[in-house]
Amino acid sequence: MTAYILRRLLATLPVMAVVAVFVFFLLRIAPGDPAAIIAGEDATQEAINAVRAKLGLDRPVLEQFALWLWRLAQGDLGVSIFSNLPVTRLIAQRLEPTVALTLSTLFVAVALAIPVGVVAAWQVRKLADRLVMIFAVLGFAVPGFLAAYVLIYIFSVQLQWLPVQGYRPIAGGLWPFIEGLILPSIALGVTYMALIARITRASMLEVLSQDYIRTANSKGLATRRVLLLHALKNAAVPIVTVIGIGIALLISGVVITETVFNIPGLGRLTVDAVLKRDYPIVQGLILVFAAAKVLVNLVIDISYAFLDPRIRY
Amino acid sequence: MVAIADDTDAPRAVPPAATRWVTAIRRNPTIATGAVLLAILVSLAILAPWLTTDPLKQATINRLRPPSERVWFGTDQFGRDIFARTLHGARVSLVVGLTVAAISSVIGLALGIVCGYFRRIDGVVMRVMDGIMAIPSILLAIALITLTRPGLAVVIIAIVIPEVPRVVRVVRSVVLSIRAQPYIDSAIAGGTRGVKLLTRHVLPNTLAPLIVQATYICAAGMLIEAALSFLGAGVPPEIPSWGNIIAQGRSFFQIAPWTILIPGAFLALTVLAVNLMGDGLRDRLDPRLARRM
Amino acid sequence: MTNILEVRDLATHFFTLDGVVRAVDGVSFDLARGETLGIVGESGCGKSVTALSILRLIPPETSRIVGGSVRFDGRDLAALSEAEMRTIRGHHIAMIFQEPMTSLNPVLTIGTQIAENVVRHTGVPWRAALERAREMLDLVKIADARRRIDEYPHQLSGGMRQRAMIAIALSCNPQVLIADEPTTALDVTIQAQILDLMLELKEKLDTAIVMITHDLGVIAETTQRVVVMYAGRKVEEAPVEALFAQPTHPYTRGLMRAVPRLDAEAEIAGRRPRLQEIPGIVPALNRPIAGCAFAPRCTFATERCRAEAPPLVTTSAGHAVACWETARVLEAA
């Protein structure tokens, strides 16, 4: 078991290495002169040179790479061009809202979508199933900001039940914290939920047609037990896989959702950095997000061993 | 010798074209719905200049008018006609979506075939693809855009790069599984050589999954472009794209929700149409694909 | 000795895009307590569907029991609610299936799969149920039961998996065990072991068995009475010795002839007897069959056979045949 975990852990290293190299070279293979572009259209030559120095572009490539890797190993993600603050500090400041949003979305999406998918499979081709499928198809088509604005329009503007925007840190009380996260979580999670519900349904349908479900029924077991223990546990692997893959959706969506709801998290940081062309921040964020994604996939990989005994032995 | 009566040899009457269309529609409702919806939207987009007024024309005297008989979709804070802007925005989104899908497919097809044939290149390329896939696509696109001058071409390239790995993966797996089939060995033994093998056996089998992936990439492309434009990192604000329109409607959302909801709904409908076609095509082509292999 | 199971005119139909498939078309038989009844026929003749119909396990979206009755210990199973039916399944009537690998849940331990049956029907606490599971594994002669309890199906061999299935089925001492091709997927040597085990357990626990198979060898070894099915109908029924001594229905005769035989004399004389197959194919079940279902393939068929379905006629003690031309058939034998 530990061997399996170690193996999966080691497998992430090459991917991270590629990401690191890729991110490094991104700056240097972009057409045109990145320093000039970042400095802006009316920048003087001095300003451009200053930017170039800040980006470390004035030294030979290999030296840059070595330096960069060295810094990376120490957790130094560089310095923002415009604010001169270390990127790591900027990221740490904005971390809580994004983590809170992502976790609450994950929780809401999984808690809603899996049961919905199970019910759809159980009631296949009947009304409940058709409704679920329609929702799933729509969920894929609705862009994050549309869902956000529709929700805001209905629940904040018209009904005035929930706040329009803003983030309330948990330090200021549990209920305001939750209140501020309800709409953003749903908006962020719509596509995610559609994906999970769809895969849950498909996986459950595949499992429900298996012989061992027939055996379970022939033992006269209660429907709930057959569905949730016998079926769902077998259906779990694809579902968990898609939960992991969907994290990428969440990470992408966070940028939009935080912008719409004015949540001061990493997503907003990204947007601000892009608009100001503060590349070190963007670069640092890419690394952080990619690492998060790889970490999540690692956790998913490891969870397979718990779900399917055949993988363990 | 007993003659066995068998009615499978009887000639089948060919039904008229109209009936064939109707059967095709009934058998593939998803594709049909998606195609019809898409056709409507594409027509609206193409005919936009003739159907509407100038999307850029400002008329502050008419600002923030809600949808009415004269102004079907209302106006924004500069008095611009949302109907005109929405239809023109359709052009941008569709162009971006289709271009992204086409370019990614071509690049992905080439890379996928190369990977499927050359083991050593495969190792390197797939690692790079894994790396690219580890980075969330919108962030990658954003990073690329940060580094270059704004423009439509940039946006397209920035969206293509994160989408290519998907195609490469699919094509590569098809190529690998085809090459492992016994009939390939016999084809080679029978004298079929490289290029012919490629065109006659490999390419036709990659076509179906490629088309399905292409539709999904088109949908993804449209969504990413809209997101980028919404964030201000996409198409320049002078060109009306759905993302731009929505971004510009943000400050007045509470009093003029139509500036956001209507273009948003159009985007959703277009993506829906493309997704339906992709789903329908996948359902239709996949089992056949499985049977062929 | 009363009958534990009485099936009368059971009819199960499948509703497909190609029409209504009459998988079971009016089948009747009795099962006495502690008896082993065999149901034999080729693939597609409806024997498995009959078994599933008894337990009402046929897929509800596409099929329905459209007629007849199944009485278990006097109770009409068709009249029971689904909840009541679930108290019968696994408890009073149990079933084992053909493919032990796919019929066992791969993500649950053997112990769990046995114990849950016990808990469900007897309500004992989980620990006691696991103890019972261990007892059952001993009973089915799986060595090292205590360790096997915590193992998963993929860790067991094919024969052991089938034993585990038997353990599950018999865990609550059912009065009836329906065995649907229990040895077909197993190696020949394992087959013999499993059949012996089943007979031994049947004696011990006094379980009635319905043995469904296409293999006449299994019939000969394990059953006391046999029902021969064809195209969803019962065509012959007899005590096992009588069936082999005097197969009366042309289909039964065809089945017997199709069994490869080692004829030492013929080998020596240089002529090996040809394998006799039954010409033709099984009729499609989605069209109503007028007359005898076997008529198209029967060498004795007459106009009457093709027009009118023959009723079951008892020829001698316990031996019934559905055939118009029984006299001619027996003469030609």
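Let me begin in chain C, where strand S10, residues 233–239, is joined to strand S12, residues 319–322, by two bridges, the strands running antiparallel. In this pairing, C:Glu236 stands opposite C:Val321 of S12(C). I should say at once that we are looking at a predicted model.

These strands belong to an open sheet of eight strands in chain C with mixed pairing, ordered S6-S7-S8-S3-S9-S10-S12-S11. Which strands stand at the edges? They are S6 (93–96) and S11 (312–316) of chain C; each has a single partner strand, so one side of each lacks a neighbour in the sheet. From one strand to the next, the twist averages 20 degrees. A helix also packs on this sheet: H7 of chain C, residues 158–170, touches S6 and strand S7 (176–180), and its direction makes about 170 degrees with that of S6(C).

I turn now to chain B and a pair of helices. The axes of H6, residues 137–146, and H7, residues 152–179, both of chain B, come within 8 Å and cross at roughly 140 degrees. H6(B) and H7(B) are therefore oblique to each other, and their crossing is right-handed.

Which residues make the contact? From H6(B) there are B:Ser137, B:Leu140, B:Ala141, B:Leu144 and B:Ile145. H7(B) contributes B:Val154, B:Val155, B:Ala158, B:Ile159, B:Ile161, B:Pro162 and B:Glu163. Sorted by class, the contact of H6(B) with H7(B) has ten nonpolar residues, one polar and one charged.

Terms used
Residues are numbered from 1 along each chain as its sequence is written. Chains are lettered from A and ligands numbered from 1 in the order in which they are written. This is a predicted model: local features need pLDDT of at least 70, side-chain atom pairs count only at pLDDT 80 or more; totals for chains, interfaces and linings use all residues. Axes are lines fitted to C-alpha atoms, for helices over the stretch in contact, and angles run from 0 to 180 degrees between N-to-C directions. Helices (H or I, at least four residues) and strands (E, at least two) are DSSP runs, numbered from the N terminus. Angles under 35 degrees count as roughly parallel, over 145 as roughly antiparallel, 65 to 115 as roughly perpendicular and the rest as oblique. A crossing is left-handed if the near helix is turned anticlockwise from the far one by less than a right angle, and right-handed if clockwise. Two residues are in contact if their C-beta atoms, placed from the backbone, lie within 7 Å. Ala, Val, Leu, Ile, Met, Phe, Trp, Tyr, Cys and Pro count as nonpolar, Asp, Glu, Lys and Arg as charged, and the others, Gly among them, as polar. Two strands pair if DSSP finds at least two bridges between them.
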